[in-house]
Amino acid sequence: MARDYGFLMIGYDKPDMIQELQNIIPNEELYVEEGSDDYGFEDNTHVTLVPCLDKHFDVDTLKKEVKELSKYSILLSNISKFDEDKFDVLKCDVGSYNLIDTNNSICSKFPTYSEFKEYRPHITIAYLKKGMADKYLQNSLIPMITLNPRCFIWSGVNEDGTDLDIEWT
C-alpha cells in the first residue's frame with residue numbers, strides 16, 4: 001500500500017543498548033496488527049528529520065536543504081515514550097541542534113501535514129501494548145551515547161503510486 005506522505009529521515013547504525021533493550025522485551029508486550037509490519041520492534045534505526053511532506057516531493061530539492069551528513073551526529077539522552085490511542089511508542093530522545101535547525105528551515109519553506117506541530121527528534125525502539133512501556137523508561141543514559149549518521153533516507157511515492165525509498169550520503 002502506498003504511503004500517504006513522504007518522510008525525510010537520517011539513518012544510523014543501531015546502538016548496542018537499543019538492541020539489548022529489544023532483546024529483553026517479550027513478544028507478548030509488542031503491539032502488532034495482523035497483516036502489517038509497521039509495528040512491533042523498530043529495525044530501521046533512524047531519526048525522522050521532516051515528517052509528512054508531499055509524498056511526491058522532489059528529492060533534489062531536499063538534498064539542497066540539508067547540511068553535510070556528518071553534521072547530524074546525535075546524542076541519545078534518555079528512554080521515554082509517546083502515548084498513542086492504541087499503543088505506547090518506546091523511544092530514545094535525541095539531542096542535536098542541527099536536526100532542529102534543519103527541520104525548522106524545511107518546515108518554514110514547504111508545507112507539511114503532520115498532526116504533531118512540535119518537532120521532538122527521537123529513535124523509535126518498539127511499539128508496545130498500552131501500559132507496557134513504563135517499566136523501560138530511563139531518565140538518563142549513563143554513559144550518554146553518540147551516534148554518527150549513516151545516510152539520508154527519503155521515503156515517498158513514485159508517480160505510478162508505488163513506494164519509493166532513496167538513500168544518499
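Let's start with charge. The chain carries 17 positive and 31 negative charges, and the mean positions of these two groups are 4 Å apart. Keep in mind as you look around that this is a predicted model.

Now for the overall build. You can pick out 3 helices and 8 strands in the chain. If you walk along the sequence, these elements come in the order β-α-β-α-β-β-α-β-β-β-β. So what about the overall size? The C-alpha atoms fit in a box of roughly 40 × 40 × 25 Å, taken along the principal axes. The radius of gyration is 16 Å, and a compact globule of 169 residues would have one near 15 Å, so the chain agrees with that expectation.

How is the chain put together on the inside? Take the contacts with a separation of 6 or more: 80% of these are between residues 24 or more positions apart. Of the 169 residues, 43% are buried. On the outside, the chain exposes about 9,600 Å², and carbon and sulfur atoms supply 47% of that area.

Time to zoom in on one residue, S114. Find the loop between helix 3 (97-109) and strand 5 (122-129), and you'll see S114 there. Is S114 buried or exposed? Its relative accessibility is 10%, and buried means under 20%, so S114 counts as buried. A polar atom of the S114 side chain lies 3.0 Å from the backbone nitrogen of F116. Which residues does S114 touch once we leave aside its neighbours within four places in sequence? The answer is P51 and C52.

That brings us to C52, which sits in strand 2 (residues 46-53). Like its partner S114, which counts as buried, C52 is buried too, because its relative accessible area is 11%. There is something else to spot here: the phi angle of C52 is near 60 degrees, a positive value in a residue other than glycine. Why point that out? Most residues other than glycine have a negative phi.

One more backbone detail deserves a look. Go to the loop between strand 5 and strand 6 (145-147), where you'll find P143. The peptide bond joining I142 and P143 is cis, with omega at about -5 degrees. For context, most peptide bonds are trans.

Key: Residues numbered from 1 in each chain as written. Predicted model: local features only at pLDDT ≥ 70, side-chain atom pairs only at ≥ 80, totals over all residues. Heavy atoms only, no water. Helix = DSSP H or I, 4+ residues; strand = E, 2+ residues; numbered from the N terminus. Rg over C-alpha atoms; globule rule 2.2 N^0.38 Å. Buried < 20%, exposed > 50% of the residue type's maximum accessible area, 1.4 Å probe, protein only. Contact = heavy atoms within 4.5 Å. Areas by Shrake-Rupley, 256 points an atom, 1.4 Å probe, with all protein chains shown as cover. Lys, Arg positive; Asp, Glu negative; His and termini not counted. Charge placed at Lys NZ, Arg CZ, Asp CG, Glu CD. Polar contact = N/O pair within 3.5 Å; in protein donor to acceptor, adjacent residues only side chain to side chain.
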